[in-house]
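I opened this entry to look up the overall make-up of the chain before turning to its surface. My notes follow in the order in which I checked things.

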Amino acid sequence: MTTRRPLLTAVAAGTVLCALWFVPTAHATPERPEKQQDALAAAAAPAAQELAASGGVDTTPYVFGGMAFVAAGGALVTGAARRSRGAAR
């Protein structure tokens, strides 16, 4: 099983990279005709003005969520390091 671990890691990493290949970018071109885009832009303008007047978006949940993911990743790495040190003895 020890010799298969790097292979499984490489397969998992390759799978993640292939999945991310299909995530659309922010610069993707819309599939709507220009007339519909103009109507949508006009409808979205008041919302953008309200956002600008309010001072911004509340990012608190995103910050705490990001911190939680970093903490969980750190815990996983620490646990794996302790396990590998124990197996080497």
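I began with confidence, since this is a predicted model: the mean pLDDT of the chain is 76, and 56% of its residues reach 70 or more. I then looked at how that confidence is spread over the elements, and found the lowest mean pLDDT, 60, in helix H2 (residues 34-54), whereas helix H3 (residues 60-88) has the highest, 89.

Next I looked up the secondary structure, which comes to three helices and zero strands, so that I noted the order along the sequence as α-α-α.

For burial, I recorded that 0% of the 89 residues of the chain count as buried. The chain exposes about 8,400 Å², and I noted that carbon and sulfur atoms supply 66% of that area.

Which residues form a nonpolar patch on the surface? I found Val16, Leu17, Leu20 and Val23 there, with about 390 Å² of accessible area together. I followed up one of these residues, Leu17, and placed it in helix H1, which covers residues 5-21. Is Leu17 buried or exposed? I entered Leu17 as exposed because its relative accessibility is 58%, and the cut-off for that class is over 50%.

Methods
Residues numbered from 1 in each chain as written. Predicted model: local features only at pLDDT ≥ 70, side-chain atom pairs only at ≥ 80, totals over all residues. Heavy atoms only, no water. Patch = residues over 30% accessible without salt bridge, like charges linked within 9 Å, V, L, I, M, F, W, Y side chains within 5 Å. Areas by Shrake-Rupley, 256 points an atom, 1.4 Å probe, with all protein chains shown as cover. Salt bridge = Lys/Arg side-chain N within 4 Å of Asp/Glu carboxyl O. Helix = DSSP H or I, 4+ residues; strand = E, 2+ residues; numbered from the N terminus. Buried < 20%, exposed > 50% of the residue type's maximum accessible area, 1.4 Å probe, protein only. pLDDT = per-residue confidence, 0-100.
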